[in-house]
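Q: I am new to this structure and would like a close look at a single part of it. Please describe how that part is built, and explain each term as it comes up.

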Amino acid sequence: MLRYICLRLLLLVPVMLGVSLLVFFLLHLGSTDPALDYLRLSHIPPTDAAIAEVRQTLGLDQPLYAQYLTWLGKAVQLDFGISYLTGRPVLDDLLYYLPATLQLGGLALVCTLVLSVPLGLLAARWQGRWPDHAVRAVTFLGVSMPNFWLAFLLIALFSLWLGWLPPLGRGSAGQLVMPVLAIALMSMSINARLLRASLLEASGQRHVTYARARGLGERQVWRDHILRNAWLPLVTATGMHVGELIGGALVIETIFAWPGVGRFAVSAVLNRDFPVMQCFTLLLTALLMLCNLLVDVCYAWLDPRSRLQGVSA
Amino acid sequence: MVGSILQVRGLCIEGRSGLLVDDVDLQLRRGEVCALVGSSGSGKSLSCLGLLDLLPGGLVRRQGQLSLDGQPLHPNQVRGRLASLILQNPRSAFNPVRDMASHGLETLKLRGITGAAARQRLDECLDAVGLSERQRVLQSFAFQLSGGMLQRMMIALALMAETPFLLADEPTSDLDALSQARFLDLLMQLVEQHALGVLLVTHDMGVVARCADHVVVMEAGRIVERQSVQGLFDSPASSSARTLLEAHQILGRRHP
Amino acid sequence: MKALSRLRHPALAGNYSLVVGMVLVGLLALVAVFGQWLAPHDPDLVDLSQRLLPPDASHWLGTDHLGRDLLSRLIVGTRLSLGSVMLTLALVLLLGIVIGGVAGFVGGKLDLLIMRLCDMFMTFPTLVLAFFFVTLLGTGLSNVIVAIALSHWAWYARMVRGLVIAQRGREYLLASRLAGASRWMRLRQHVLPNIAGPMLVLATLDIGHMMLHVSGLSFLGLGVTPPTAEWGVMINDAKEFIWTHPQLLLLPGLMIFFSVMAFNLLGDALRDRLDPTLETR
């Protein structure tokens with residue numbers, strides 16, 4: 001198992017290199033000139049002299065591969081350059097805002113997992129009867145709802161109408177409720193549906209019949225033979241949820257004035273702040289790869305077949 | 001009790017296309033092996049499962065009164081307490097993510113045996129069925145063991161449950177000839193030792209000849225003949241029995 | 001095609017959600033196509049003297065902060081939403097079928113490379129990829145379409161590749177090859193019809209997702225920009241009026257909700273009929 005983890009961690013390196021290469025070349029092959037963007041954001045008029053000077057300062061007059069190597073050399077030392085917009089080191093800014101986003105995303109993940117399990121169980125256990133229909137209706141609505149619209153609905157209900165929760169900012173527990181709910185609803189619905197399908201499939205398998213034949217009670221059969229086996233597809237799905245939840249956080253943050261990486265990133269996109277975009281993409285790539293690794297390790301731990309038969313990278 | 005009779009009367013199983021098992025009566029006596037034969041689709045496997053009310057989805061058990069020595073019973077009282085089940089294709093009968101030991105321990109827990117006593121009983125039962133590499137087998141998962149070993153494991157679980165009756169649904173169909181012979185030897189040995197009452201579902205007349213005391217023949221969901229095994233081989237009454245015997249004898253003639 | 005003919009099964013009449021889904025989607029399509037003539041007012045006509053009116057006889061749903069008729073804007077927004085999603089889908093299908101088909105048919109090193117690429121693209125959440133590509137290409141609907149297509153194609157490529165590989169081993173293909181049929185003919189006659197069913201299911205289920213992404217990105221200001229009448233943009237415009245004129249915010253969102261639901265209903269029903277084993281996201 002340890003070897004597997006080490007192997008996967010090592011594999012991260014070429015992937016990150018590949019992604020950084022791709023990102024770098026795509027950004028610099030784009031239609032606009034980074035020099036012009038820099039001048040615009042620094043409020044310096046783009047005269048020819050200014051452009052030439054900026055190009056030299058930013059090293060944009062070098063051939064592309066040389067630029068990449070320079071960038072890579074600095075990146076390894078965790079120097080991702082200066083933001084065109086703020087003038088501050090990129091990594092510092094991103095790391096300053098990241099924890100807030102991770103807090104939202106992390107809580108949303110917990111919410112997703114915790115709330116979807118009883119729903120999925122309920123629906124599978126009482127398949128075809130009203131709890132099943134109720135859960136399916138609710139999850140169907142949850143999967144179809146735009147999260148930013150839901151956020152406003154929640155604000156309208158809990159802040160404006162009922163006055164229970166403060167709508168903006170970060171700090172108190174009350175301010176967490178609405179953003180987390182808005183982000184989590186869709187993933188929760190997807191997960192509940194997945195669990196339901198997984199449970200239904202597991203309950204039709206032969207070993208369940210054999211367990212009943214040996215005299216095991218229904219509750220025990222559900223706990224030890226159906227639920228225990230239905231977890232696996234959900235573990236794989238969790239990796240996907242993380243990605244979607246982070247994406248959701250990026251959108252929702254702007255609505256709740258949540259000081260996270262999303263608002264920062266949106267302004268970077270609108271202003272074409274290349275260094276920030278580069279670092280942002282790489283940071284998220286690393287984060288997601290680590291999440292996927294964690295998910296795969298959990299899967300291997302839960303499923304002896306993949307552990308013992310040899311795991312595929 | 002020796003000579004106890006487990007009985008099901010009037011078993012009816014309905015599927016989407018109609019009655020698949022129609023008014024079937026089966027009797028199991030302790031110490032005796034009753035073979036349930038018929039060609040594919042005759043409803044013998046369904047009768048075996050339907051007895052315990054373990055039908056797959058889409059099939060409904062309409063009727064069927066279980067009784068032990070005349071005392072009416074609910075299927076829940078029979079499963080794992082009075083009768084154990086052995087299935088064909090044993091690999092899919094075990095939970096793929098749990099090892100053999102956990103299957104044994106949960107079966108023993110139903111009998112109230114836990115802890116050190118349970119571990120000891122596990123070892124005893126594995127020995128009794130001839131699974132010698134106890135540690136390795138107990139720590140293995142279903143995909144790691146051969147079909148023959150898994151069948152033995154199923155018998156071991158039946159022993160752990162200490163049920164007086166055994167329902168075996170085509171237990172040898174997936175096994176090679178050698179494993180088959182060893183399995184049947186083991187079965188007969190245990191029938192004698194523990195006075196087991198066995199319902200043996202099969203389409204192989206060789207198995208019937210080897211093990212059975214009585215034979216029940218099914219055709220299209222109904223019982224068409226009941227006889228002692230000698231009587232069946234001497235003078236089969238139903239056409240199904242005759243067909244099965246002829247097919248068996250042809251094989252016998254070609255490979256004496 | 002075989003997959004579509006299964007839909008004309010006699011049990012169609014009894015299949016509630018399929019019929020409802022098709023009707024709703026059909027309704028949306030009608031509004032999208034005939035929107036211009038259905039709208040009572042010009043959706044882009046700014047008239048500050050009429051701003052923020054409550055619903056009345058002339059403006060059934062009231063007006064927005066620039067005096068534009070809400071109902072007309074909602075109706076016209078249908079065309080934009082549906083149209084952009086269809087374009088995205090077309091792009092995704094093209095990329096997916098071509099890349100997946102090539103990977104499956106050619107195999108070998110190219111297949112491995114393409115699969116690695118797929119893995120990479122599948123790891124990224126749609127929004128992160130979209131952010132990246134919008135930075136690269138600039139804001140605007142067409143760039144958003146490209147961005148979303150680039151984040152979705154991998155699923156389809158994988159599916160197509162799997163199906164192509166499965167079909168490759170079939171006997172009739174071998175027989176056909178022995179009979180001298182060209183690669184292209186084999187692809188067209190045998191492989192493509194079997195791909196259609198699962199692709200249809202995946203696509204219909206995905207449309208809802210794509211719609212949410214398009215409106216989400218527009219909401220953030222990265223896609224369609226004002227003054228264009230698009231539901232996501234309308235929600236963004238209406239943020240400040242949530243207390244006084246909530247309908248400006250609620251109604252466009254309701255349209256998105258309703259449209260996504262319609263497609264999800266259709267997608268679910270199709271999946272249940274054509275390919276119940278398909279895992280949904």
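A: What follows is a walk through chain B, from its sheets to its domains and its contact with a neighbour.

Residues are numbered from 1 along each chain as its sequence is written, while chains are lettered from A and ligands are numbered from 1 in the order in which they are written. The model is predicted, so local features need a pLDDT of at least 70 and side-chain atom pairs count only at pLDDT 80 or more, whereas totals for chains, interfaces and linings use all residues.

Helices (H or I, at least four residues) and strands (E, at least two) are DSSP runs, numbered from the N terminus, and two strands are said to pair if DSSP finds at least two bridges between them. Strands of a sheet pair through backbone hydrogen bonds, either parallel or antiparallel.

One open sheet of chain B has 4 strands, in the order β2-β1-β4-β5, and its pairing is antiparallel. The edges are taken by β2 (18-29) and β5 (71-73) of chain B, each of which has a single partner strand, so one side of each is left without a neighbour in the sheet. Direction ignored, neighbouring strands of this sheet are turned by 15° against each other on average; here axes are lines fitted to C-alpha atoms, for helices over the stretch in contact, and angles run from 0 to 180 degrees between N-to-C directions. At the β5(B) edge, strand β4 (residues 60-68) of chain B runs antiparallel to β5(B) and is joined to it by 3 bridges; B:Leu68, for instance, has B:Gln71 in β5(B) as its bridge partner. Helix α1 (residues 44-51) of chain B packs on this sheet, where it touches β1 (5-15), β2 and β4 of chain B, and its direction makes about 65° with that of β2(B). Such touching is a matter of contact, which two residues make if their C-beta atoms, placed from the backbone, lie within 7 Å.

Another open sheet of chain B is formed by 6 strands in the order β6-β7-β8-β3-β9-β10, with mixed pairing. Its edge strands are β6 (83-86) and β10 (222-228) of chain B, and because each has a single partner strand, one side of each is left without a neighbour in the sheet. Neighbouring strands are turned by 15° against each other on average in this sheet, direction ignored. Strand β9 (residues 214-219) of chain B pairs with β10(B) in the antiparallel sense over 6 bridges, and B:Val216 has B:Arg226 in β10(B) as its bridge partner. Helix α6 (residues 147-161) of chain B packs on the sheet and touches β6 and β7 (165-169) of chain B, its direction making about 170° with that of β6(B).

The domain assignment, whose bounds come from an automatic or database source, divides chain B into domain 1 (5-82 + 164-252) and domain 2 (97-162). The C-alpha centres of domain 1 and domain 2 of chain B lie 25 Å apart, and the contact between these domains takes 9 residues from domain 1 and 10 residues from domain 2. On the side of domain 1 of chain B that touches domain 2, helix α7 (residues 177-194) of chain B gives the most, with 4 residues. The residues on that side of domain 1 divide into 6 nonpolar, 2 polar and 1 charged; Ala, Val, Leu, Ile, Met, Phe, Trp, Tyr, Cys and Pro count as nonpolar, Asp, Glu, Lys and Arg as charged, and the others, Gly among them, as polar.

For a single residue, consider B:Leu138, which is placed in helix α5 (residues 134-139) of chain B. B:Leu138 counts as buried because it has 20 C-beta neighbours inside 10 Å; a residue is buried if 20 or more other C-beta atoms lie within 10 Å of its own, exposed if 12 or fewer, and partly exposed in between, with C-beta atoms placed from the backbone. Leaving aside residues up to four places away in sequence, B:Leu138 touches B:Asp99, B:Met100, B:Ala101 and B:Leu122. B:Leu138 and B:Ala101 are 37 residues apart in sequence, yet their C-alpha atoms are 4.6 Å apart in space.

Finally, chain B meets chain A in a contact that takes 17 residues from chain A and 21 residues from chain B. On the chain A side, the elements that give two or more residues are α9 (206-213), α10 (218-255) and α13 (304-308) of chain A, and α9(A) gives the most, with 6 residues. The residues of chain A on this side divide into 4 nonpolar, 6 polar and 7 charged.
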